[in-house]
Amino acid sequence: MAEMIDPFGRAVNYLRVSVTDRCDFRCVYCMSEDMAFLPKAEVLSLEELDRVCSAFVRRGVKKLRMTGGEPLVRRNIMSLFRNLSRHLDSGALEELTLTTNGSQLGRFAHELADLGVRRVNVSLDTLDAHKFVAITRWGKFAKVMEGLQAAKDAGLAVKINAVALKGVNDDEFDHMITWCGEEGFDLTFIEVMPMGDIGGENRFDQYLPLSQLRRNLERNWTLQDIDHRTGGPARYVRVRETGGRVGFITPLTHNFCESCNRVRLTCTGTLYMCLGQEDAADLRTPLRLSESDNILDEAISEAIARKPKGHDFIIDRGNDGPAVSRHMSVTGG
Ligand code: SAM
Ligand code: SF4
């Protein structure tokens with residue numbers, strides 16, 4: 001089966017899958033408090049998700065990341081991990097992983113490790129239990145701490161993802177670097193992106209350019225640029241004082257599209273070829289049209305042929321609405 005090469009010569013070997021749009025948190029930059037979720041009939045079944053992921057693996061995808069919404073709140077999600085782990089066993093897939101808010105890791109970390117998951121990304125923007133509630137609205141800080149401990153006990157490598165929010169968590173970054181150093185976690189800072197209507201919150205107020213964050217960190221830490229790459233847009237430094245790695249994902253201040261190797265599937269089977277563009281391909285119809293994968297494969301080829309060169313996110317005073325109308329929980333970041 002032909003590999004997926006887009007019109008700009010980029011090989012697509014990474015698929016991110018939002019397995020549900022639902023979540024047990026309501027983070028202020030991600031969702032409004034009264035989100036309307038999709039009716040079940042529109043959402044791909046776990047068997048359909050397995051089929052479409054497997055089609056991508058046949059086409060050269062080496063890395064699969066489950067995300068959401070919160071992937072671990074989808075009922076019976078472990079059966080999807082279990083089925084997909086056959087591609088790790090066969091050697092077709094190099095990595096099966098997930099991005100999670102950590103709330104369910106206490107239940108699932110060991111099973112995930114048993115199924116061949118090696119690393120998890122856990123989103124955590126603050127180490128202050130009160131602030132945690134202010135940011136996630138519905139989250140339970142102690143449960144996330146429990147989940148992180150379970151991940152460590154299970155031998156999973158943990159990367160903490162923190163969205164940098166001006167006036168909210170920007171007084172905590174030094175503490176987070178120290179804590180991650182002690183726990184042996186990598187840490188990545190993410191710029192807030194203008195995606196989806198988030199109710200009354202104002203993006204310009206939240207936006208903190210990471211170039212400024214890095215300059216602030218350099219007052220207290222020695223940051224050494226390193227070559228470490230995880231196949232994604234993060235640029236990493238080593239913190240000399242802790243020995244830990246810190247990454248920066250800067251969709252707004254740095255355009256990283258030239259090396260983009262990924263596409264994103266939503267839980268309804270819509271494929272987004274770029275996080276920052278509206279264009280998408282429906283894979284659910286071809287998936288449901290036939291039990292054979294021929295039509296699906298053709299739809300995938302057509303979609304990859306439309307992968308755009310890049311995105312154009314802007315946040316400024318005159319433009320603090322969403323650059324794309326869908327929420328991050330649709331594509332999972
Ligand atoms: N629920 C899981 C979690 O929080 O890790 C997975 C899905 S969540 C949408 C994936 C990542 O997107 C999280 O790290 C979250 O912080 C980030 N995110 C959500 N909305 C964002 C936004 N508007 N700008 C930047 N990052 C965002
Ligand atoms: Fe849920 Fe993750 Fe969005 Fe927070 S960032 S509301 S945990 S999907």
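This report walks through the two ligand sites, the nonpolar core and two helices of a predicted model.

## Around ligand 1

Let's start with ligand 1, which has 17 residues around it. The closest of these are Tyr-29, Gly-69, Thr-100, Ser-123 and Met-193.

Three polar pairs are worth finding on your screen. A polar side-chain atom of Ser-123 sits 2.5 Å from an oxygen atom of the ligand. On the nitrogen side, a backbone N or O atom of Gly-69 lies 3.0 Å from a nitrogen atom of ligand 1, and Glu-70 places a polar side-chain atom 3.2 Å from a nitrogen atom of ligand 1.

## Around ligand 2

Ligand 2 is surrounded by Cys-23, Phe-25, Cys-27, Cys-30, Met-31, Gly-69 and Asn-101. By type, this shell holds five nonpolar residues, two polar ones and no charged ones. You will recognise Gly-69 here, since Gly-69 is also listed among the closest residues to ligand 1.

## The nonpolar core

The largest nonpolar core contains 99 residues. Within this core, Leu-64, Met-66, Phe-81 and Ile-160 have the most contacts. Helix H1 (residues 46-58) is the biggest giver, supplying seven residues. In general, nonpolar side chains tend to be buried together in soluble globular proteins.

Met-66 is a good place to zoom in. Leaving aside residues up to four places away in sequence, its contacts include Val-17, Val-19, Cys-53, Pro-71, Leu-80 and Phe-81. Leu-84, Leu-96, Thr-97, Leu-98 and Thr-99 are touched by Met-66 as well.

## Helix H4

Which residues of H4 (residues 129-136) are buried? They are Lys-131, Phe-132, Ile-135 and Thr-136. Viewed down the axis of H4, these residues fall within an arc of 120 degrees, so they line one face of the helix. That buried set packs against helix H5 (141-153), while exposed His-130 and Ala-134 are carried on the face turned away.

Both ends of H4 reward a look. At the N-terminal end, Asp-128 acts as a cap, with a side-chain oxygen 2.8 Å from the backbone nitrogen of His-130. After the helix comes Arg-137, which has a positive phi near 60 degrees.

## Helix H10

In H10 (residues 294-304), the buried residues are Leu-296, Asp-297, Ala-299, Ile-300, Ala-303 and Ile-304. Their arc around the axis is only 160 degrees, which puts them on the same side of H10. The face turned away from this side carries exposed Asn-294, Glu-298 and Glu-302.

What do the buried residues of H10 pack against? Their partners are H1, helix H9 (284-289) and the strands S10 (262-265), S11 (270-272) and S12 (280-282).

Technical notes. Residues numbered from 1 in each chain as written. Chains lettered and ligands numbered in written order. Predicted model: local features only at pLDDT ≥ 70, side-chain atom pairs only at ≥ 80, totals over all residues. Heavy atoms only, no water. Near = heavy atom within 4 Å. Nonpolar A, V, L, I, M, F, W, Y, C, P; charged D, E, K, R; others polar. Buried < 20%, exposed > 50% of the residue type's maximum accessible area, 1.4 Å probe, protein only. Helix = DSSP H or I, 4+ residues; strand = E, 2+ residues; numbered from the N terminus. Arc of directions from axis to C-beta. Contact = heavy atoms within 4.5 Å. Polar contact = N/O pair within 3.5 Å; in protein donor to acceptor, adjacent residues only side chain to side chain. Core = buried A, V, L, I, M, F, W, Y, C linked by side-chain atoms within 4.5 Å.
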